[in-house]
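Biologist: I would love a friendly tour of this protein. Could you bring it up so we can look together?

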Amino acid sequence: MKFRPLHDRVVVRRIEEDAKTAGGIIIPDTAKEKPMQGEVIAVGPGARDEAGKLVPLDVKAGDRVLFGKWSGTEVKISGEDLLIMKESDILGVLEGKASAKAAA
């Protein structure tokens, strides 16, 4: 099934973080916080301004983004857990290579 968000909404897949601390301690699932990073899967066409003109979104499919801890609405589409949120809930786009922390 294909899903197309409307207006200024964005579909995001959470990116899971490591389950181990820098010291090597494994964090159980019950103690983990939900990740606040994700990959944009689909974007809507954009919002309309006061004049009715379509304003395209700044994010695009494939972007890696940061969002607030409680942002978006969790949905299950084709058996996959995804988030649907407005573009304004996205804090920023991560650019460039993964950080040194992620590579360790």
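Biologist: Which elements give two or more residues to the largest nonpolar core?

Modeller: Keep in mind that this is a predicted model. The largest nonpolar core has 10 residues, including Val10, Val12, Phe67 and Met85. The elements that supply two or more of them are strand 1, strand 5 and strand 7.

Biologist: How many residues are in the other core?

Modeller: That core lies apart from the largest one, and Val11, Ala42, Leu82 and Ile84 are among its members. Its residue count is five.

Biologist: Back to the sheet: which strands are at its edges?

Modeller: Six strands form an open sheet, with antiparallel pairing, in the order 6-7-1-2-5-8. An edge strand here pairs on one side only. That describes strand 6 (73-77) and strand 8 (90-94).

Biologist: What is the bridge partner of arginine 9 in strand 7?

Modeller: Strands of a sheet pair through backbone hydrogen bonds, either parallel or antiparallel. Strand 1 and strand 7 pair in the antiparallel sense, over four bridges. In strand 7, arginine 9 has as its bridge partner lysine 86.

Biologist: Does arginine 14 count as buried or exposed?

Modeller: Arginine 14 is found in strand 1, which covers residues 9-14. Its relative accessibility is 18%, and the cut-off for buried is under 20%. Arginine 14 therefore counts as buried.

Biologist: Which side chain does the side chain of arginine 14 make a polar contact with?

Modeller: Here we look at side chain to side chain, and the polar contact is at 3.4 Å. The partner of arginine 14 is glutamate 74.

Key:
Residues numbered from 1 in each chain as written. Predicted model: local features only at pLDDT ≥ 70, side-chain atom pairs only at ≥ 80, totals over all residues. Heavy atoms only, no water. Buried < 20%, exposed > 50% of the residue type's maximum accessible area, 1.4 Å probe, protein only. Polar contact = N/O pair within 3.5 Å; in protein donor to acceptor, adjacent residues only side chain to side chain. Core = buried A, V, L, I, M, F, W, Y, C linked by side-chain atoms within 4.5 Å. Pairing = 2+ DSSP bridges.
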